[in-house]
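Grab a pencil and have the viewer open. Here are a few exercises to work through, each with its solution.

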Amino acid sequence: NNYVIRIEKDVPANLFWSIVVYDADTRCIIDNRKGVAGGKATVGSMTKGLRKNEDGSYYVFLGPDAPPKGWEANHVQTIKGRGWFPYMRAYGAKAEFFNDEYKFPTINKVESFSEYIK
């Protein structure tokens, strides 16, 4: 399955934020080294080439297939048949990250990424 996480603009982090994908069975970072992404398990504000939406938000794409063309930096390849889970981290987190002022993103199952890459 394919999923999209929408990260709203202005994540309350003084340094940077990231989404890291872990394997549900091993509880280790996902081992997707054999996939087209070559082992990338993280997307964040420090990711080279990360695309930002016009409103300042970001899409993180997760799925077993190749990323949409031009959106490779925003994609983490999952492994067919294996469970996974993401962690969102804020380095240099501000108070809003902890006191319910910041709305954490949800994960949405999608048929394809096409509606998000217009």
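**Exercise 1: the sheet**

Work out how the open sheet is laid out, and which strands stand at its edges.

*Solution.* Keep in mind that this is a predicted model. Start with the order: 4 strands make up the open sheet, arranged 5-4-1-7, and their pairing is mixed. Next, look at the ends: strand 5 (75-77) and strand 7 (107-110) each have a single partner strand, so one side of each has no neighbour in the sheet. Neighbouring strands are turned by 25° against each other on average, ignoring direction. Now zoom in on one pair: strand 4 (residues 58-63) and strand 5 run parallel and are joined by 3 bridges. In that pairing, Gly-63 sits opposite Gln-77 of strand 5.

**Exercise 2: two ring pairs**

Classify the ring pairs Phe-85 with Tyr-87 and Phe-97 with Tyr-102.

*Solution.* The whole structure holds 14 aromatic pairs. For Phe-85 and Tyr-87, the centres are 5.4 Å apart and the planes stand at 85°; over 60 degrees counts as edge-to-face, so that's the label. Tyr-87 is partly exposed, at 45% relative accessible area. For Phe-97 and Tyr-102, the centres are 5.9 Å apart and the planes at 20°; under 30 degrees counts as stacked, so this pair is stacked. Phe-97 and Tyr-102 are both buried.

**Exercise 3: the cluster**

Find the rings that are linked with Trp-71 into a cluster, then find the charge over the face of Trp-71.

*Solution.* Follow the ring pairs: they link Trp-71 with Tyr-59, Phe-61, Phe-113 and Tyr-116. Then check the face of Trp-71: Arg-51 lies over it, 4.0 Å from the ring centre.

How values were computed
Residues are numbered from 1 along each chain as its sequence is written. This is a predicted model: local features need pLDDT of at least 70, side-chain atom pairs count only at pLDDT 80 or more; totals for chains, interfaces and linings use all residues. Side-chain values use heavy atoms; hydrogens and water are left out. Two strands pair if DSSP finds at least two bridges between them. Helices (H or I, at least four residues) and strands (E, at least two) are DSSP runs, numbered from the N terminus. Axes are lines fitted to C-alpha atoms, for helices over the stretch in contact, and angles run from 0 to 180 degrees between N-to-C directions. Rings of Phe, Tyr and Trp (its six-membered ring) pair if their centres lie within 6.5 Å; planes under 30 degrees apart count as stacked, over 60 as edge-to-face and the rest as tilted. Buried means under 20% relative accessible area, exposed over 50%, partly exposed in between (1.4 Å probe, protein chains only). A charge sits over a ring if NZ of Lys or CZ of Arg is within 6 Å of the ring centre and within 35 degrees of the ring normal.
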